[in-house]
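Please read the following report beside the sequence and the coordinates. It takes up a helix pair, a sheet and two single residues in turn.

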Amino acid sequence: MKTMKFFAFVVAACMLLAGCSQSTPQQEGFSVGILQYMEHTSLDEIRTAVEEELQQKATELGKPISVEVKNAQGDPTNIGTIANQFVGDNKDLIIAIATPAAAGAAAVTEEIPIVFSAVTNPVEDLQIDSLEQPGGNITGTSDAIPVEKIINLSQEITPQANCYGILYCTSEPSSSGVVQQAKEALEQQGKTFVEAAVTNTSEVQQATEKLIEQCDAIFVPIDNTVATAMSVVADLAKDAKIPVYAAADSMVRDGALASAGVNYTNLGKKTAQMAVEILQGANPASMEVQVMEDVNVVVNEDTAKAIGVDVSQYLQ
Ligand code: TRP
């Protein structure tokens with residue numbers, strides 16, 4: 001009887017030990033680093049959607065996902081520091097929001113999987129092989145910018161607009177292609193344009209004032225730097241009764257008149273879903289980049305009232 005009891009005790013002790021060793025944190029959950037390029041309405045919206053979807057998926061999987069969020073505040077040095085810290089911490093995966101963040105993460109690791117979010121031109125700006133087969137350790141989501149649609153919308157709302165001021169930052173890779181397409185679309189429609197290129201946020205106010213003197217509408221591409229100062233642009237344009245057409249819905253929420261663009265909450269969710277697939281073993285090299293193409297027209301009713309244009313047909 002005594003031996004039986006002792007035997008039972010040994011078995012119980014072994015089971016307990018085995019149980020304990022199984023619950024080391026590394027085996028149990030995943031660690032993800034989120035690198036956000038800077039704070040503005042759209043990137044904040046994306047980050048929130050990514051975080052919510054990651055937690056939702058973690059609950060479904062029954063495995064915790066610990067998430068560390070870092071914001072580079074638009075500073076290239078910070079991007080490098082944060083990306084290196086994530087590599088040093090041996091994260092299971094890095095999510096990089098906006099082109100400069102994704103390029104910075106790609107520069108420091110070829111091992112840790114990277115899922116980029118809202119990169120407008122991933123093939124050109126991140127040097128991936130193709131959208132279908134990115135190759136390497138990187139894949140993600142992209143925001144298609146319907147430039148022609150935005151220009152057509154601007155002509156529907158304010159047909160009298162003839163000269164467009166194009167406001168962008170020279171160091172933003174995502175906006176350069178959109179600027180080019182906007183110029184072509186405007187030329188095709190027999191419109192003229194003036195460019196105002198800034199190098200940082202603090203120049204946005206002066207550049208906007210100049211454009212207001214020269215033009216009768218403003219177009220803002222998918223530009224992170226200008227997006228951070230959107231309320232400045234919107235207020236000046238409202239005072240001058242000039243319409244601002246933008247490449248993202250967030251800029252309309254921040255005061256621009258109208259846009260046609262993708263839904264960034266959906267894009268953020270998609271980004272998180274791709275990340276979870278990779279955490280579960282999928283290979284980023286052969287995971288197709290998801291280009292969000294469902295475009296919605298958005299208008300700002302208050303801005304429309306302030307500048308005296310009719311947008312009632314675009315309100316749901
Ligand atoms: N597409 C941008 C990039 O590639 C990021 C971005 C997402 C953005 N939403 C935006 C920029 C809204 C300006 C406004 O970096």
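## Helix pair, sheet and two buried residues

The axes of helix α7 and helix α8 (residues 173–188) come within 9 Å of each other and cross at roughly 45 degrees, where axes are lines fitted to C-alpha atoms, for helices over the stretch in contact, and angles run from 0 to 180 degrees between N-to-C directions. That angle makes α7 oblique to α8, because angles under 35 degrees count as roughly parallel, over 145 as roughly antiparallel, 65 to 115 as roughly perpendicular and the rest as oblique. This is a predicted model, in which local features need pLDDT of at least 70 and side-chain atom pairs count only at pLDDT 80 or more, whereas totals for chains, interfaces and linings use all residues. Residues are numbered from 1 along each chain as its sequence is written, and side-chain values use heavy atoms, with hydrogens and water left out. Helices (H or I, at least four residues) and strands (E, at least two) are DSSP runs, numbered from the N terminus.

In the contact (heavy atoms within 4.5 Å), V147, E148 and I151 of α7 meet V178, Q181, A182, A185 and L186 of α8. The residues of this contact divide into 6 nonpolar, 1 polar and 1 charged, where Ala, Val, Leu, Ile, Met, Phe, Trp, Tyr, Cys and Pro count as nonpolar, Asp, Glu, Lys and Arg as charged, and the others, Gly among them, as polar.

An open sheet of 6 strands follows the order β7-β6-β8-β9-β10-β12, with mixed pairing; two strands pair if DSSP finds at least two bridges between them. Its edge strands, each pairing on one side only, are β7 (192–198) and β12 (296–299). Helix α7 (residues 147–157) packs on this sheet, touching β6 (163–169), β8 (217–220), β9, β10 and β12, and its direction makes about 150 degrees with that of β10. Strands β9 (residues 244–246) and β10 (residues 258–261) run parallel and are joined by 2 bridges, and Y245 stands opposite A258 in β10.

Two residues of helix α3 are set side by side below, with buried meaning under 20% relative accessible area, exposed over 50% and partly exposed in between (1.4 Å probe, protein chains only). The contacts listed leave aside neighbours within four places in sequence.

| Residue | Relative accessible area | Contacts |
|---|---|---|
| S42 | 5%, buried | S250 and Y264 |
| L54 | 0%, buried | V32, I65, V67, I95, A272, A275 and V276 |

The C-alpha atoms of L54 and D239, which lie 185 residues apart along the chain, are separated by 42 Å.
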